[in-house]
Every structure is written in structure tokens, then in C-alpha cells.
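Visitor: I have a structure open in front of me and would like to learn how to read its features. Could you walk me through it?

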Amino acid sequence: MEKIINSYYENGARKLHHMVNGILSKLGRIYNKDLDDFYSLANEVFTIVLRTYDGRQTFDVYLYSCLSNKIKTEMTRRNREKRRADLFSVSLDAPVGDGSCTIGDSLCTEFDMEWEENTGEQEERIEKYFDSLSSVQRRIVEMKMEEISVLEIKRRLHLTDSQYESHFAGLKAYENICILYNKDQITQKEEEEPMKHVSTQTMERCKTDKISIFSIIRKMDKHTIRFDHPLQRESDQWSPAMKGNLISDILQGNRLHPLIFAEQIINGVPIIWDLDGKQRCTNAYAFSKNGYKLTKNIRRWCIQYQAMLKDENGREVLDENGFPVAENREFDIRGKKFADLPEELQDRFMEYNFNYDQYLNCTESDIAYHIERYNDGKPMTASQRGITKLGTEYAQIVKSISNMPFFKDMGGYKVSEFKNGTIHRVVVESVMAVNYLEDWKKKQEDMCKYMKDHATYSDFDDFEDLVGRLEKAATEEVLDMFDSRDSFLWFGLFARFIKLGLADRKFIQFMTEFSQSLHGRKVDGECYDELNRKATKDKNVVIRKMEKLETLMKEYLGSYTTKPDLGRRKVV
């Protein structure tokens with residue numbers, strides 16, 4: 001060891017630099033402007049290697065192996081950060097329309113936002129809003145701000161009426177528009193109603209109380225009520241008619257089902273999670289922010305209310321005893337935003353009280369149980385119900401992967417599939433096909449239960465990297481093949497292709513040839529098309545499909561083997 005240290009003391013910097021350059025060159029990535037960072041990383045690795053070297057192999061080989069692994073990890077981290085960065089950047093200072101205002105200014109107007117001045121915080125929130133959109137939604141916003149007509153937007157983006165409406169609804173979904181507001185936006189009242197926190201020492205399991213819409217909005221802006229539990233389904237699940245009837249019921253003062261909250265103590269701090277009522281709260285929130293107009297398809301659209309009489313100067317009319325005089329009025333809420341309502345109805349809306357039940361001192365399993373239980377009345381899809389069995393941490397990872405550009409902008413997925421949990425199912429199925437095909441489960445719930453017990457974090461990290469590689473290599477010709485039905489097969493096949501050590505473009509070439517002709521080629525007397533007519537996801541059918549695809553792929557690539565690698569169960 002002393003000789004090794006002396007050797008590297010004399011020319012270690014040159015050796016390390018040579019190793020770094022060789023590894024980067026081999027990986028096909030040269031970060032000229034970041035070479036100093038990698039050299040510094042090499043010095044850290046060298047220090048660690050000196051402590052861990054056991055003499056079983058030559059020091060240089062051991063150092064090279066450790067350094068290569070560290071550089072690959074660092075590059076993966078950088079690529080992941082890059083993917084999460086602004087892939088479709090837009091200048092907020094770019095002029096729009098006749099040039100009298102910028103994109104940032106127009107966005108504020110589009111969403112009825114108010115700031116006293118153009119602050120850095122405002123610009124940061126607008127940038128975050130753009131980051132949350134798909135590329136199609138981003139183009140719609142940009143084109144609307146350029147005062148391009150809706151008809152022309154549809155023509156340029158090749159969108160049907162329903163596709164445009166779906167994308168535009170997403171622009172004003174709760175998750176997106178709440179980014180544009182902060183806790184200081186509500187100014188109607190100085191104070192909010194306190195939400196009672198019961199000490200965790202209590203023996204009570206559930207408390208009942210009331211909370212106003214104004215207070216809910218305040219707490220949502222302050223993030224003290226959380227609607228983003230990983231096991232909870234997405235917002236914006238309701239149709240326009242369902243939203244309109246909700247607002248109508250609130251304005252009439254009709255009693256609605258109670259909201260359900262769960263208190264969980266995290267790091268000694270009580271966190272209030274919404275378990276049931278997310279759609280009611282988020283749609284009320286979005287309406288209060290002028291997020292949508294009420295549809296014409298409302299059961300009761302004529303709302304009666306009392307208004308104080310005012311004279312021509314806007315002063316209240318008083319009777320002979322000095323009391324204000326009121327009159328009964330009616331208002332048609334169809335096609336109206338919150339700002340269009342009379343002041344009296346705006347106040348009535350904000351002061352409406354929901355009843356709520358709050359479960360106390362809940363565990364993660366308690367929350368998962370209640371989320372599933374309270375969605376029985378408004379059934380979750382199989383995909384949404386399945387993810388409740390995955391566990392909080394894995395569910396959060398799956399949702400993060402589902403937001404990668406490949407799924408949002410590139411694959412052949414429908415807009416509705418991001419709302420109903422289908423994309424989450426695609427990710428779960430794909431991780432299963434990559435790592436645990438021999439233990440395939442037909443039902444989504446069973447699959448999620450299995451992965452909760454057997455999957456590892458590295459399974460999801462490796463899959464994210466796999467998707468990132470396809471983002472770079474895939475062509476328009478093959479992207480539509482990645483749909484909600486068959487994506488897991490292609491992701492699973494790509495994972496098996498990677499083991500062959502060939503360039504990713506070879507896989508894309510195979511997919512292209514498969515779509516053109518190989519799907520009809522018979523292997524062992526049966527072609528893939530005949531097998532694919534079986535829409536079932538029974539384990540034996542899925543495995544046979546993967547075997548058929550892998551055989552066709554290896555034949556095409558010239559490395560056919562009689563025993564395709566299906567992937568063995570990992571030892572955790």
C-alpha cells in the first residue's frame with residue numbers, strides 16, 4: 001500500500017485525469033466545462049479507495065471500477081436534474097399581441113391574477129406553472145397570449161374539439177392554477193377560522209366540526225391542508241356538470257356530504273390530509289380563483305338572494321326607522337365565473353360551511369385504509385385503487401415518473417389517462433415487467449401489493465433511467481406503440497435489449513421493423529398478432545408475448561437464443 005501511495009503521490013493527478021477522461025470518452029459524454037468537477041470527484045473516490053482496497057485485484061483495476069461507478073452515478077443524477085429542468089423554456093419577457101405586454105403580463109390577465117408590482121416571486125411562480133404543463137398545453141397558452149383564435153390553435157396543433165377542451169381544462173386544474181397563488185392572495189377577511197387540533201394524547205379517534213370555504217381556501221394557500229397524498233387520486237375528476245351543480249348547491253346553502261380529514265403527526269407537527277372531499281374542495285378553490293365558467297347543464301341555475309337597496313349614489317336606502325331596506329333578487333349563474341357573481345352571492349359562497357370529520361393521530365396504513373374506504377361511493381378506477389396498495393413512498397415515486405416528458409409529451413397516451421390513474425398503472429406494470437415478470441399479477445391491486453413487499457428503490461431509479469434513454473432514442477414512428485395497453489411489454493423488452501450491450505438506436509430500428517412486418521412473422525407456428533388477439537393480461541399470456549417479442553428481436557439483431565431471458569426475481 002505504501003508503494004501505491006508513493007506512486008500516486010508522484011503522478012497521481014495525471015493518472016486520475018487520464019482515468020476520468022477515458023471513462024467519459026467510453027460513455028460517449030464529454031463535459032469539457034465540468035471536467036474540474038469530475039477531477040475533484042476522482043480525488044474523493046481515490047481517498048475512499050485507499051481505505052477500502054483489500055488486495056484481491058490490482059489497485060488500478062479496483063480504482064477504475066469504483067471511479068467508473070461513481071461517474072455513472074453522477075451523470076445519472078445530472079441527467080435526471082436536466083430532465084426535471086425547463087425542457088421547453090419560454091421567455092416571460094417576450095412581447096405578445098401588439099407588443100404592448102409580455103407573456104408574463106398576459107398570463108396574469110388570463111387568470112385574473114393581481115400583483116401590486118412585477119416581482120421576482122411572481123416570475124418564479126409563472127415559470128413553475130409552465131413547468132407543470134405538457135408541451136401541448138404550453139403551446140396553447142403561448143398561442144392564446146399571442147391572441148391566436150381557438151379555431152386556429154386547433155388547426156395548428158391538430159386537435160379535435162374534445163382534445164382542445166381536455167387540454168384547456170388541464171391548464172386551469174387545481175394542481176396547476178394553485179401554483180400561481182400564494183398565501184397572501186386572499187384579502188376579503190383579516191382572520192380565518194381556526195381548525196381545532198386535538199392533542200395526540202386524546203383517546204378519541206374522530207372529531208366533528210365545521211369549516212367555511214374561505215377558511216379552506218386560506219389553508220390550501222398556506223398548505224396546512226394537504227390534498228397531495230401519494231395514495232389519493234388526482235383532482236379534476238369531475239365533469240363540468242358536476243362542478244356546476246356543486247357551486248349551485250353551495251350558493252343555495254344545500255347540505256353536502258361531510259369532508260373527511262386525517263391528522264398525521266410528522267416530525268412532531270400535525271399534518272392534515274384530505275381523505276374524502278378533494279374534488280369538492282379543489283373545484284370550489286378553482287372557482288374562487290375564476291378558474292372556470294359554470295356550464296349551462298346545471299340542475300338549478302336560478303339562484304335567489306337578498307340585496308340591500310341602494311340609491312343612485314351607491315348608498316344604502318334606509319327606512320323611516322333607519323334600518324336598511326332589502327329586496328329579493330334572482331341571478332342566472334350559467335356561464336358565469338366567480339367574479340361575475342353579485343357581491344352578495346360571492347359572500348354567500350365564501351361563508352358556506354362544510355361539515356367535516358377528522359380522524360386523529362393516523363398512521364400511514366390508517367390513511368390508506370380510509371382513502372380506499374371513502375372512495376367506495378364514488379368508485380376509483382382499478383388503477384387508482386391499485387396504487388393505494390403500493391405504499392406512500394413507492395406511490396410518490398410512481399407519480400413522479402408519470403410526469404416525465406416521455407409520458408406527458410411523447411408516448412401515445414390520452415389526456416384522460418393522466419386523470420384516471422392509467423399512466424400510474426403503466427409505470428407499475430412496466431417496472432414489474434422489467435424486474436419481476438415471472439411473478440406477474442393480473443390484477444393491479446395484487447401487483448401493487450407484491451411490489452410494495454418486493455420492489456426496491458433501485459428498481460424505480462433504473463426504470464427512470466431506462467425511460468430517459470428512450471426519450472433520446474425514440475422516433476415519431478415508434479412512439480405511438482407506447483400506449484396504455486402495451487407499454488409495459490416494450491419497456492420490459494427494452495430492459496432485456498440493454499443487456500445485449502448494443503446502441504439504443506438498434507432497438508428503435510427493431511420496433512420500426514416489427515410495426516411494419518415482424519408482427520406477422522411466425523415463430524414456432526404462431527405469430528405475435530395471433531397471440532396479441534388475447535387482450536387478457538393473464539400471467540401465461542404476458543410471458544408468452546414477451547418470449548415472442550424477445551425471440552423476434554434477437555433474430556432481427558442476429559443474436560437469437562432458444563431461451564429468452566425473462567428476468568429472474570430479485571433477492572431483496
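Guide: Here is a short tour, from the whole chain to single residues. Please keep in mind that this is a predicted model.

Visitor: Let's begin with the overview: how many helices and strands are there in the chain?

Guide: The chain has 25 helices and 11 strands. Of its 572 residues, 47% count as buried. Among contacts with a separation of 6 or more, 70% are between residues 24 or more positions apart.

Visitor: How should I read a strand within its sheet? Take β9: which way does β3 run relative to β9, parallel or antiparallel?

Guide: Look at the bridges and the direction of each partner. Strand β3 (residues 206-212) and β9 run antiparallel and are joined by seven bridges. One pair to find is Ser212 with its bridge partner Asn353 in β9. Strand β5 (residues 259-266) runs parallel to β9, with four bridges joining them. There, Leu259 has Tyr356 of β9 as its bridge partner.

Visitor: And why is β9 described as largely enclosed by the rest of the structure?

Guide: Check burial along the strand. Six of the seven residues of β9 (residues 353-359) are buried, so the rest of the structure largely encloses this strand.

Visitor: What about nonpolar cores? Which residues touch the most other members of the largest one?

Guide: In soluble globular proteins, nonpolar side chains tend to be buried together. Here the largest nonpolar core has 56 residues, and those touching the most other members are Phe407, Met451, Phe463, Trp490, Phe491 and Phe507. Leaving out residues up to four places away in sequence, the contacts of Phe491 include Phe406, Phe407, Tyr413, Val434, Phe463 and Phe482. There is also a second, separate core of 38 residues, which includes Cys281, Leu341, Phe354 and Tyr356. You have met Tyr356 already, as the bridge partner of Leu259.

Visitor: Now helix packing. At what angle do the axes of α18 and α20 cross?

Guide: Two packed helices are described by the angle between their axes and the distance between the axes. For α18 (residues 422-435) and α20 (residues 457-473), the axes come within 10 Å and cross at roughly 100°. The range for roughly perpendicular is 65 to 115 degrees, and α18 and α20 are therefore roughly perpendicular to each other. In this contact, Val427, Ser430, Val431, Val434 and Asn435 of α18 meet Asp459, Phe460, Phe463 and Leu466 of α20.

Visitor: Which residues of α16 meet α18?

Guide: They are Val398, Lys399, Ile401 and Ser402, which meet Ile423, His424, Val427 and Val428 in α18. The axes of α16 (residues 392-402) and α18 come within 9 Å and cross at roughly 105°. That makes α16 roughly perpendicular to α18.

Visitor: Backbone angles next. Where does His158 lie, and is His158 buried or exposed?

Guide: His158 is in the loop between α7 (150-157) and α8 (161-171). Its phi is near 55°, a positive value in a residue other than glycine. With 70% relative accessibility, His158 counts as exposed. Compare Asn290, in the loop between α12 (278-288) and β7 (302-308). The phi of Asn290 is also positive, near 60°, but Asn290 counts as buried at 9% relative accessibility.

Visitor: One last check: how many disulfides does the count come to?

Guide: The rule asks for cysteine sulfur atoms within 2.5 Å, and by this rule the count comes to zero disulfides. As for cysteine burial, Cys66 counts as partly exposed at 23% relative accessibility, whereas Cys527 counts as buried at 7%.

Key. Residues numbered from 1 in each chain as written. Predicted model: local features only at pLDDT ≥ 70, side-chain atom pairs only at ≥ 80, totals over all residues. Heavy atoms only, no water. Buried < 20%, exposed > 50% of the residue type's maximum accessible area, 1.4 Å probe, protein only. Helix = DSSP H or I, 4+ residues; strand = E, 2+ residues; numbered from the N terminus. Pairing = 2+ DSSP bridges. Core = buried A, V, L, I, M, F, W, Y, C linked by side-chain atoms within 4.5 Å. Contact = heavy atoms within 4.5 Å. Axes fitted to C-alpha atoms, helices over the stretch in contact; angles between N-to-C directions. Parallel < 35°, antiparallel > 145°, perpendicular 65-115°, else oblique.
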